[in-house]
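User: Hi! Could you walk me through this one? I'd like to begin with what sits in the middle.
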Amino acid sequence: MSTSMQDADAKKLRKYVRVEPEEGNPIRVDINGDGFIDVFNATDISQNGIGVQVPHKFADCKTQSEVSLIISLPPPTSHNIRVNGVIRHVDSQQFGIMFTDITLDDQEKIREYVHFRLRPTAPAKAKFWDRFFDWFEAD
């Protein structure tokens, strides 16, 4: 099966929506695994996992390895999350982690962040409301 087909199948199986961080507001991820401790930026996040960009070859990162994380969500959520996870896939410059031990409160904070990132931008909202009010004001 081709990689693009595998990616499409994986997206169909995902239980939660995943979003990318806002430009200029990275999600910081402190990772502690067997034989490594490092700090990275997330490439994406959902309520049950996170993708991490690795700027250098990361030889100690293996699938099914357990890790502990501190995830620092940027504003407006501005919340630190301590969570355990398992590395699910490894690429040359990134890897994905599935959360295995997350509190409902922390999962809710991630959900709030995801919803914030999915909302339309302010100019798009303004255009919608302008058209909406124009429709009522039309003679």
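Analyst: Happy to! This is a predicted model. Its largest nonpolar core has 25 residues, and those with the most contacts inside it are Ile31, Ile50, Leu69 and Ile71.

User: Nice. Which elements supply at least two residues of this core?
Analyst: Strands S1 (28-33), S2 (36-46), S3 (49-53), S4 (66-73), S5 (79-90) and S6 (94-101) each do, and so does helix H2 (104-118).

User: And what does Ile31 touch, leaving out residues up to four places away in sequence?
Analyst: Ile31 touches Phe36, Ile37, Asp38, Phe40, Val52, Val67, Ser68, Leu69, Phe95 and Ile97.

User: Let's switch to H2. Which of its residues are buried?
Analyst: Asp106, Gln107, Ile110, Tyr113, Val114 and Phe116 are buried there.

User: What covers them?
Analyst: The cover over the buried residues of H2 includes S2, S4, S5 and S6.

User: How far does H2 reach?
Analyst: From first C-alpha to last, its 15 residues reach 21 Å, close to the 21 Å expected at 1.5 Å a residue.

User: Zooming out, what pattern does the chain follow?
Analyst: Along the sequence you get α-β-β-β-β-β-β-α-α, with three helices and six strands.

User: How many of the contacts are long-range in sequence, say at least 24 apart?
Analyst: Counting contacts between residues at least 6 apart in sequence, 56% join residues at least 24 apart.

User: Last bit: what about burial and surface?
Analyst: Of the 139 residues in the chain, 31% are buried. The accessible surface comes to about 9300 Å², with 51% of that belonging to carbon and sulfur atoms.

Key. Residues are numbered from 1 along each chain as its sequence is written. This is a predicted model: local features need pLDDT of at least 70, side-chain atom pairs count only at pLDDT 80 or more; totals for chains, interfaces and linings use all residues. Side-chain values use heavy atoms; hydrogens and water are left out. Helices (H or I, at least four residues) and strands (E, at least two) are DSSP runs, numbered from the N terminus. Buried means under 20% relative accessible area, exposed over 50%, partly exposed in between (1.4 Å probe, protein chains only). Contact means heavy atoms within 4.5 Å. Accessible areas come from the Shrake-Rupley method with a 1.4 Å probe; for residues, only the protein chains shown count as cover. A nonpolar core is a set of buried Ala, Val, Leu, Ile, Met, Phe, Trp, Tyr and Cys residues joined through side-chain atoms within 4.5 Å. The expected span of a helix is 1.5 Å times one less than its number of residues.
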